[in-house]
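I set out to record what can be looked up in this structure, beginning with the aromatic side chains and moving on to the overall form of the chain.

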Amino acid sequence: MKKIVFLTGAGISAESGISTFRGGGGLWDNYPVEQVATPEGYRENPALVLEFYNKRRMQLLDVVPNDAHKIVAALENDFDVTVVTQNVDDLHERAGSSNIIHLHGELMKVCSSREPYNENYVETLSPDNLCVKLGDLAADGSQKRPFIVWFGEAVPRIEDAVWALRDIDIFVIIGTSLNVYPAAGLLNYVPSDVPVYLIDPNEVNVTRRNVTVIRKGASEGMRFLVEEYLSKVK
Ligand code: APR
């Protein structure tokens, strides 16, 4: 089986109704990043940060995967697929993808504020118990915090993502402005003879040559990618 790695960003979930971060009306226009997505912001006002992620989690209950997530999942019938996502939503999982690397954490999980990356203290919230308050404690006795990689924090799963790029045949980027590193730098690990496709309705700056740009929304772009390219190579 040929091996495809997808790198996805907020744009793949936009058609499910989750806002992107940048660009008009993006999440970071309405919430100051430094308050809600940095360790300093969390130290300053943990209640505000917990509330911000409680709201994001509640929003997740109202949305469903769109065709782009579903097509990515269905490709597992014909390809060896890995999804490397910057998204913290669980729409790839719910669409049926089985091999997902969440670079920036997962909204439905919480962890220890003392040791955020210690797997022993990571816990998945259930839909009827989504909200985390001050005083809710992780198994190590520290305050529970969102299992989210904030700006300025290490990205532990980047090495898994680089590892997933070994021996790949096709790399597909969907719905990311490629503004945030190290995720954006993954493209540099893709060997130069591997075809790269980029699906985004807007212009995205890529330095690499030989990128086939599909200027469409995620669902339409994925249908086009399958019809025009993938159906011919499997
Ligand atoms: N289909 C595909 N792409 C779309 C769509 C759509 N329907 N609508 C918008 N987009 C594109 C935008 O053109 C943009 O290029 O999605 C991209 C979204 O970019 P960002 O908002 O910057 O999101 P992302 O690249 O995922 O952000 C990376 O930044 O704030 C952090 O941790 C956060 O994981 C996030 C990271």
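**Aromatic pairs**

I searched the whole structure for aromatic pairs and found six. The model is a predicted one, and I read each entry below on that footing.

I looked up Tyr 31 and Phe 52 next: their rings form an edge-to-face pair, with 4.7 Å from centre to centre and 65° between the planes. I then checked where the two partners sit in the chain. Tyr 31 lies in the loop between helix 2 (27-30) and helix 3 (33-36), whereas Phe 52 belongs to helix 5 (residues 46-61). The pair links distant parts of the chain, its members being 21 residues apart.

I asked myself whether Tyr 31 and Phe 52 are buried or exposed. Tyr 31 is partly exposed, because its relative accessible area is 24% and the buried class ends under 20%. Phe 52 has a relative accessibility of 4% and therefore counts as buried.

I followed Phe 52 to a further partner, Tyr 53. This pair is also edge-to-face; I noted 4.8 Å between the ring centres and 90° between the planes. Tyr 53 counts as buried, as its relative accessibility is 5%.

Which residues do the ring pairs join into a cluster? I listed Tyr 31, Tyr 42, Phe 52, Tyr 53 and Trp 150.

**The chain as a whole**

I turned to the secondary structure and recorded nine helices and nine strands.

I compared the radius of gyration with the value for a compact globule. For 234 residues such a globule would have a radius near 17 Å; the chain has 18 Å, so the two agree. Along the principal axes, the C-alpha atoms fill a box of roughly 55 × 35 × 35 Å.

I looked up burial over the full chain: 51% of the 234 residues count as buried. I also took the contacts with a separation of 6 or more, and 65% of them join residues 24 or more positions apart.

**Surface and charge**

I noted an exposed area of about 11,500 Å² for the chain, of which carbon and sulfur atoms supply 48%.

I closed with the charged side chains. The chain carries 23 positive and 32 negative ones, and I found the centres of these two sets to lie 2 Å apart.

Note on methods
Residues numbered from 1 in each chain as written. Predicted model: local features only at pLDDT ≥ 70, side-chain atom pairs only at ≥ 80, totals over all residues. Heavy atoms only, no water. Helix = DSSP H or I, 4+ residues; strand = E, 2+ residues; numbered from the N terminus. Rg over C-alpha atoms; globule rule 2.2 N^0.38 Å. Buried < 20%, exposed > 50% of the residue type's maximum accessible area, 1.4 Å probe, protein only. Contact = heavy atoms within 4.5 Å. Areas by Shrake-Rupley, 256 points an atom, 1.4 Å probe, with all protein chains shown as cover. Lys, Arg positive; Asp, Glu negative; His and termini not counted. Charge placed at Lys NZ, Arg CZ, Asp CG, Glu CD. Phe/Tyr/Trp six-rings, centres within 6.5 Å; stacked < 30°, edge-to-face > 60°.
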